[in-house]
Amino acid sequence: MTSIIRDIRMATHITIAATEQTRKSLQSQFHSHCHACGMPGSGGLDLHFVTDSDGNVATDWFCPGNCQSYEGILHGGVIATLLDSAMVHALFARGIVAHTAELRVRYRRPVRIENSVRVTACTQSHTGPLHLTSATLIQDGVPCATARAKFMAVPSSAALPEGLF
Ligand SMILES: CCCCCCCCCC(=O)SCCNC(=O)CCNC(=O)[C@H](O)C(C)(C)COP(=O)(O)OP(=O)(O)OC[C@H]1O[C@@H](n2cnc3c(N)ncnc32)[C@H](O)[C@@H]1OP(=O)(O)O
């Protein structure tokens, strides 16, 4: 266990500029079957993030009718999934593979289904392997939900012993 902790700490020292190439590479290595951003046709949300020159990630997504909660309103669990996924990709863009350790969502306004949203995320800071991130979901120019999260970095799936996941 000591060596795992040392590896995780080492991983956080690999601080590189955020790029779209890095994000794509880590998505294909670690996320190809993800419910939120996996391959089309998997029955998932089919999100497509891109990284901008400031290292933030964003996606536009059409809220389908089968994701509603109360009549006409996007399900809060789906909103949390969108925000969580965006923050994972913001970390990917910086070469960091990490698990969600804590997710706090503030639901500010109802999100209408059969309408588009823009979801953005960025990394904030880190203390050792624990990364702080934030994300926002906007519809028609109005921030409808915001999130803050803590993610725990992992060195690489291959370096982890069976059972840790
Ligand atoms: C059979 C039916 C099946 C239904 C399935 C259910 C599915 C699961 C549930 C869902 O998924 S619901 C969909 C996801 N949620 C939303 O879409 C909610 C979106 N947010 C809102 O509509 C409003 O923000 C909300 C109703 C939550 C509150 O609006 P209000 O206009 O009532 O409150 P406002 O923002 O004015 O704040 C009132 C007070 O509450 C406080 N407040 C609001 N949110 C808070 C918060 N998160 N923490 C602490 N305080 C909070 C706020 O600071 C303020 O304090 P003060 O009066 O002292 O100034």
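Thr100 lies in strand E3 of what is a predicted model. Once its neighbours within four places in sequence are set aside, Thr100 is in contact with Asp84, Ala149 and Phe151. A further pairing brings in a distant part of the chain: Thr100 and Lys150 are 50 residues apart along the chain, yet their C-alpha atoms are separated by 6.2 Å. Thr100 has 15 other C-beta atoms within 10 Å, and is therefore partly exposed.

Strand E3, which spans residues 98-107, is followed by a loop that leads to strand E4, residues 116-127, and this loop holds Asn115. Asn115 counts as exposed because it has 12 C-beta neighbours inside 10 Å, and a residue with 12 or fewer falls in that class. Apart from residues within four places in sequence, the contacts of Asn115 are with Cys63 and Gln139. Ala98 is 17 residues away from Asn115 along the chain, and 31 Å separates the two C-alpha atoms.

Glu114 is also placed in the loop between E3 and E4. With 11 C-beta neighbours inside 10 Å, Glu114 counts as exposed. Its backbone deserves a look as well: the phi of Glu114 is near 55 degrees, a positive value in a residue other than glycine. Most residues other than glycine have a negative phi. Asp46 is another case to inspect, with a positive phi of about 60 degrees although it is not a glycine. Asp46 sits in the loop between H2 and strand E1, the latter covering residues 50-51. Its 16 C-beta neighbours inside 10 Å are why Asp46 counts as partly exposed.

Beyond E4, the loop that connects to strand E5 (130-139) contains Gly128. Gly128 has 13 other C-beta atoms within 10 Å and is therefore partly exposed. Measured in sequence terms is one thing, but in space the C-alpha atoms of Gly128 and Ile96 are 12 Å apart, with their positions 32 residues apart in sequence. To put this pair more exactly, Gly128 and Ile96 are 32 residues apart in sequence, and the 12 Å is a C-alpha to C-alpha distance computed from the model rather than a measurement.

Helix H3 offers a contrasting environment. Val78 has its place in this helix. It is buried, because 20 other C-beta atoms lie within 10 Å of Val78. In sequence, Val78 and Val105 are 27 residues apart, while in space 11 Å separates their C-alpha atoms.

The packing of H3 against another helix can be followed residue by residue. Helix H2 (residues 20-30) and helix H3 (residues 76-93) meet at an angle of about 115 degrees, and their axes are 7 Å apart. The crossing of H2 past H3 is right-handed. On the H2 side, the contact is made by Thr22, Arg23, Leu26 and Gln27, and on the H3 side by His89, Phe92 and Ala93. Sorted by class, the residues of this contact comprise three nonpolar, three polar and one charged.

Attention can now turn to the ligand. The residues around the ligand include Ser69, Tyr70, Ile73, His75 and Gly76. Arg106, Tyr107, Arg108, Arg109 and Pro110 also belong to this set. The shell around the ligand is mixed in class, with four nonpolar, three polar and three charged residues.

An annotation from a sequence record can be set beside these features. An unreviewed UniProt entry places the feature "domain: Thioesterase" at residues 72-121. Over residues 72-121, the chain is 36% helix and 32% strand. The C-alpha atoms at the two ends of this stretch are 25 Å apart.

Finally, the chain can be viewed as a whole. Three helices and six strands make up the secondary structure of the protein chain. Their order along the sequence follows the pattern α-α-β-β-α-β-β-β-β. Of the 165 residues in the protein chain, 28% are buried. Among contacts between residues at least 6 apart in sequence, 69% join residues at least 24 apart.

Definitions and conventions
Residues numbered from 1 in each chain as written. Predicted model: local features only at pLDDT ≥ 70, side-chain atom pairs only at ≥ 80, totals over all residues. Near = placed C-beta within 6 Å. Nonpolar A, V, L, I, M, F, W, Y, C, P; charged D, E, K, R; others polar. Helix = DSSP H or I, 4+ residues; strand = E, 2+ residues; numbered from the N terminus. Contact = placed C-beta atoms within 7 Å. UniProt positions renumbered as here; feature names shortened; annotations may be inferred. Axes fitted to C-alpha atoms, helices over the stretch in contact; angles between N-to-C directions. Left-handed = near helix turned anticlockwise from the far one by under 90°.
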